[in-house]
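Dear colleague,

I am handing over the structure that we spoke about, and I would be glad if you could look through it with the notes below at hand. Please have the coordinates open while you read.

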Amino acid sequence: MSVIQMEALDFRYLLLEYYKKLKISESELAVILMIDHLLNQKNNLITPDMLSLKMNLSSKELDKILVSLIERNFLVYEVGKKIKVSLKPLQKKLYNTFQVALAKEQENVSNERKAAALNNIYEVFEKELKRTLSPLEFALIGEWVNDGFSDEVIIAAFNEAISKGKKSLKSVDKILVQWKVRDDIEKEGISNVKEVWDDDIEKTIEIAKAKWID
């Protein structure tokens, strides 16, 4: 996931986008927006009385809201040469919420692409083999995709196997491994990938395939 700096994000956009998720009420939202407005006008110390001059809420109501925001670590009073109100804790919470939402969105996009790739592979394989794939064959194709092979590469390997008169997943797997080794050597000069196929796996797939067809 690409890292986006907090300073590059618009605070008000994030606030309006995620205030409900952070369980901030509309009254608290209005107060936060007003505080942000006053801070941008170089007002450091913001009190309930100052807010009441700008809002339709009483000083008493505003005092309760400010206390609530402080207790939930959305707002702090920084003590230095001068006392200053800061919304930095809320900014950090909004930024973290945004990052989590972004990661989830990217994961969903990745899963959708993976599902589309798998469906494309299944369709091509079943059309050429003229039968439904067995559960183990589905699993093996899924492993190829998880290993980083695109649907285009897997289908290309399948077509190469067919051109050699072979229609087994064993042949496709061997071709994919060979291509992986070749690419590794071209890039790194060496490859840790072993060109080995477990014959027990092949036998298991053949048995499962036969039972699946029956």
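What follows goes from the overall make-up to two helix contacts and then to single residues.

Please keep in mind throughout that this is a predicted model. The protein has nine helices and two strands, and when these are read along the sequence they follow the pattern α-α-α-α-β-β-α-α-α-α-α. Of the 214 residues in the protein, 35% are buried. Among the contacts with a separation of 6 or more, 55% are accounted for by residues that stand 24 or more positions apart.

The helix contacts come next, beginning with α1 and α5. Helix α1 covers residues 11-18 and helix α5 covers residues 88-129, and the two pack at an angle of about 65° with their axes 10 Å apart. Because an angle from 65 to 115 degrees counts as roughly perpendicular, α1 is described as roughly perpendicular to α5. The crossing of α1 and α5 is left-handed. On the α1 side the contact is made by Phe11, Leu14, Leu15 and Tyr18, while α5 brings Leu90, Gln91, Leu94, Tyr95, Thr97, Phe98 and Ala101. Divided by class, the residues of this contact of α1 with α5 are nine nonpolar, two polar and no charged.

One of the α5 residues in that list, Thr97, can be followed a little further. Thr97 counts as buried, because its relative accessibility is 13% and the cut-off for a buried residue is under 20%. When its neighbours within four places in sequence are left aside, Thr97 is in contact with Tyr18, Lys21 and Leu22, and of these Tyr18 is also named among the α1 residues that meet α5.

Helix α5 also packs against helix α6, which covers residues 135-146, here at an angle of about 135° and with the axes 11 Å apart. That angle makes α5 oblique to α6, and the crossing of the two is right-handed. The residues that meet are Lys114, Leu118, Ile121, Tyr122, Phe125 and Glu126 in α5 and Phe138, Ile141, Gly142, Trp144, Val145 and Asn146 in α6. By class, the contact of α5 with α6 has eight nonpolar, two polar and two charged residues, whereas the contact of α1 with α5 has no charged residues.

I turn now to the region around strand β1. Leu75 lies in the loop between α4 (59-71) and β1, and Leu75 counts as buried because its relative accessibility is 1%. Apart from its neighbours within four places in sequence, Leu75 is in contact with Ile35, Leu66, Leu69, Ile70, Val85, Ser86 and Leu87. Leu75 and Leu90 are 15 residues apart in sequence, and their C-alpha atoms are 6.5 Å apart in space; Leu90 is also one of the α5 residues in the contact with α1.

Tyr77 is found in strand β1 itself, which runs over residues 76-79. With a relative accessibility of 29%, Tyr77 counts as partly exposed. Once its neighbours within four places in sequence are left aside, Tyr77 is in contact with Leu45, Ile46, Leu66, Ile70, Ile83, Lys84 and Val85. For Ile46 there is a further detail, in that its backbone oxygen lies 2.9 Å from a polar atom of the side chain of Tyr77. Tyr77 and Asn44 are 33 residues apart in sequence and, C-alpha to C-alpha, 9.5 Å apart in space. Leu66, Ile70 and Val85, which are in contact with Tyr77, are also in contact with Leu75.

Two lysines deserve a look for their backbone angles. Lys23, in the loop between α1 and α2 (26-40), has a phi near 60°, which is a positive value in a residue other than glycine. Lys42, in the loop between α2 and α3 (48-52), likewise has a positive phi, of about 70°, although it is not a glycine. Lys23 is exposed, with a relative accessible area of 69%, and Lys42 is exposed as well, with a relative accessible area of 71%.

With best regards

How values were computed:
Residues numbered from 1 in each chain as written. Predicted model: local features only at pLDDT ≥ 70, side-chain atom pairs only at ≥ 80, totals over all residues. Heavy atoms only, no water. Axes fitted to C-alpha atoms, helices over the stretch in contact; angles between N-to-C directions. Helix = DSSP H or I, 4+ residues; strand = E, 2+ residues; numbered from the N terminus. Parallel < 35°, antiparallel > 145°, perpendicular 65-115°, else oblique. Left-handed = near helix turned anticlockwise from the far one by under 90°. Contact = heavy atoms within 4.5 Å. Nonpolar A, V, L, I, M, F, W, Y, C, P; charged D, E, K, R; others polar. Buried < 20%, exposed > 50% of the residue type's maximum accessible area, 1.4 Å probe, protein only. Polar contact = N/O pair within 3.5 Å; in protein donor to acceptor, adjacent residues only side chain to side chain.
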